[in-house]
Amino acid sequence: MLRGKPADGYRQLPVYIHILKTVYPNSYISMHKSSTDEFMYLFIALRPLMRGFQFCRPVVVVDGAHLDGPYKGTFVSASTLDGAGCILPLAYGIVDTENDSSWTWFFQNFKNAFGERDNMCVVSDRNESIIKSVSMVFPNVPHFACIWHIWKNVCTKYRRSKAVLSDIFYSMAKAYRKDEVDKLMAKVERIDQRVAQYLKNAGYEKWSRVHATVNRGRMMTSNIAECINGCLVEARELPIIDFLEQTRMLFGSWNCKNREIASYTKHTLGRKFEDILVSNTIKCSRMKVVASSEYLYSVYELGIRYIVCLERKTCTCGRFQLDEIPCPHAIAVLKSKNITDLHPYCSDYYKPEALANTYELPMVPMPDKKDWTAPKEILEEIVLPPIYKRMPGRPKKGRKKFVNEKITSSTNSCGRCGHEGHNRKTCNFIPK
């Protein structure tokens, strides 16, 4: 155990938290120490981000990333997508290590800050501590798996079939109808029964959009959390106060940019979802519509009949109800009724009013360190750096990448002709 390193900003944490609460009133910030005053956990949910979550689909993506500064720990975050398809950070913090206790503490504070919403769900990798903590703190909130991590597990366990099954798996995960999933699963069983059994044991509801117990929208992976971690790679080497400031400034810059976008999004849906609506409108041009009642219609596309119900906002293709945007078949029906305004048939989360409300509160700047002032009891509070164990060997600076993540290969080239796959001795090139 090491104790001789500099405090690295931990002693300033009480003052930093006090200033944060002053600049961002009504925020939820909590710190936990050990019985001997060593730092353990920190949770930060700033008021502008807390308010924005009320106008977004309640899908929460969580993940962690190791810190590389003098004192090791783990940066943890929770985020979602706004009505334009942009990342909205919700809460972040630092824990001494990823385990059941730290994740339970994080989710308990998240529940205190944000409450529990209807149709809420959590998306993450297959971290057992996250899964266990969600079930304890949010017993009525389902946990869904990141499909990318599910597929990486398949690739690790069953390498022989990964090249053939990749496209089939992602098609299954993103399918809009259960019968499509069944047909694709039958293909998987013919290719490799072990993979099919693994996916069944994992639970269809964990990775298949159409089997999910609540609508997870298009949040099929934990990419948005990975994006946050990627933007903070260099910052994770800084002392704790500087790292927290870099994180706050990153989220502030995103908030400012998205707030500007929201200010001139007046008559369309959020950017990403307006593009989907336009794309669906283009696809509906050659469809035949037959009315059955005021709200019920049959739509024929390439000899296949789809049934659209405008009252319930459903289509037998599955897209209307899962995307909560009119599918091409629904748009064909609306056009036949001479309805040009499609926005009433879209989810309220995608509308400009929701986007404007998401970013109504700006992320204001923090004062300079030399201007920080705090009451005497805050200045006298003791926060010691965490006790940590130094691992043997040289510290690793980068994450070990999977083979399919590497951009370049190490294939040697022939010194005579320059082509890959052979050398001078086996070269058959004959110069003219």
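**Entry 1. Strand pairing**

I take two strands as paired if DSSP finds at least two bridges between them. The model I consulted is a predicted one. With that criterion I looked up β4 and β5, and I found that they pair in the antiparallel sense over eight bridges. As a sample of this pairing I noted Ser79, whose bridge partner in β5 is Pro89. I then turned to the hairpin that β4 and β5 form, where five residues lie between the strands. Within that hairpin I recorded a positive phi near 85° for Gly85.

On the β3 side I counted the bridges as well: six bridges join β3 to β4, and the two strands run antiparallel. Here I noted that Ala65 has Phe75 of β4 as its bridge partner.

**Entry 2. The two faces of β4**

I asked which residues of β4 point one way and which the other way. Thr74, Val76, Ala78 and Thr80 point one way, while Phe75, Ser77, Ser79 and Leu81 point the other way. I found all of them buried. This agrees with my note that β4 is mostly covered, with eight of its eight residues buried.

**Entry 3. Helix α10**

I next examined helix α10, residues 223-231, and found Ile224, Ala225, Ile228 and Asn229 buried. They cover an arc of only 145° around the axis, and therefore they lie on the same side of α10. I recalled the general rule here: an α-helix has 3.6 residues a turn, so residues three or four places apart point the same way. What covers these buried residues? I found that the cover includes β3 (59-66), β4 (74-81), β5 (87-95) and α11 (240-263).

**Entry 4. Ser222**

I located Ser222 in the loop between α9 and α10. Is Ser222 buried or exposed? Its relative accessibility is 1%, so I count Ser222 as buried. Setting aside residues up to four places away in sequence, I found that Ser222 touches Val61, Cys146 and His149. For Val61 I also looked up the C-alpha separation from Ser222, which is 6.0 Å, although the two residues are 161 residues apart along the chain.

**Entry 5. Aromatic pairs**

I searched the whole structure for aromatic pairs and obtained 21. I examined Phe53 and Phe114, whose ring centres are 5.5 Å apart with the planes at 90°, so I entered the pair as edge-to-face. Phe53 lies in helix α2 (residues 47-53) and Phe114 in helix α3 (residues 100-114), so the pair ties together parts that are 61 residues apart in sequence. I found both Phe53 and Phe114 buried.

I then looked up Tyr204 and Trp207, with ring centres 5.5 Å apart and planes at 35°, so this pair is tilted. The two residues are three apart in helix α9 (residues 204-207), and thus separated by about one helical turn. For Trp207 I recorded a relative accessible area of 0%, so Trp207 is buried.

I also noted one aromatic cluster, formed by Tyr28, Phe43, Trp103, Phe106 and Phe107.

**Entry 6. Charges over rings**

I returned to Phe53 and found the charged end of Arg117 over its ring, 4.8 Å from the centre. I closed with Arg209, which lies over the face of Tyr176 at 4.4 Å from the ring centre.

Key
Residues are numbered from 1 along each chain as its sequence is written. This is a predicted model: local features need pLDDT of at least 70, side-chain atom pairs count only at pLDDT 80 or more; totals for chains, interfaces and linings use all residues. Side-chain values use heavy atoms; hydrogens and water are left out. Buried means under 20% relative accessible area, exposed over 50%, partly exposed in between (1.4 Å probe, protein chains only). Helices (H or I, at least four residues) and strands (E, at least two) are DSSP runs, numbered from the N terminus. The arc is that of the directions from the helix axis to the C-beta atoms. Contact means heavy atoms within 4.5 Å. Rings of Phe, Tyr and Trp (its six-membered ring) pair if their centres lie within 6.5 Å; planes under 30 degrees apart count as stacked, over 60 as edge-to-face and the rest as tilted. A charge sits over a ring if NZ of Lys or CZ of Arg is within 6 Å of the ring centre and within 35 degrees of the ring normal.
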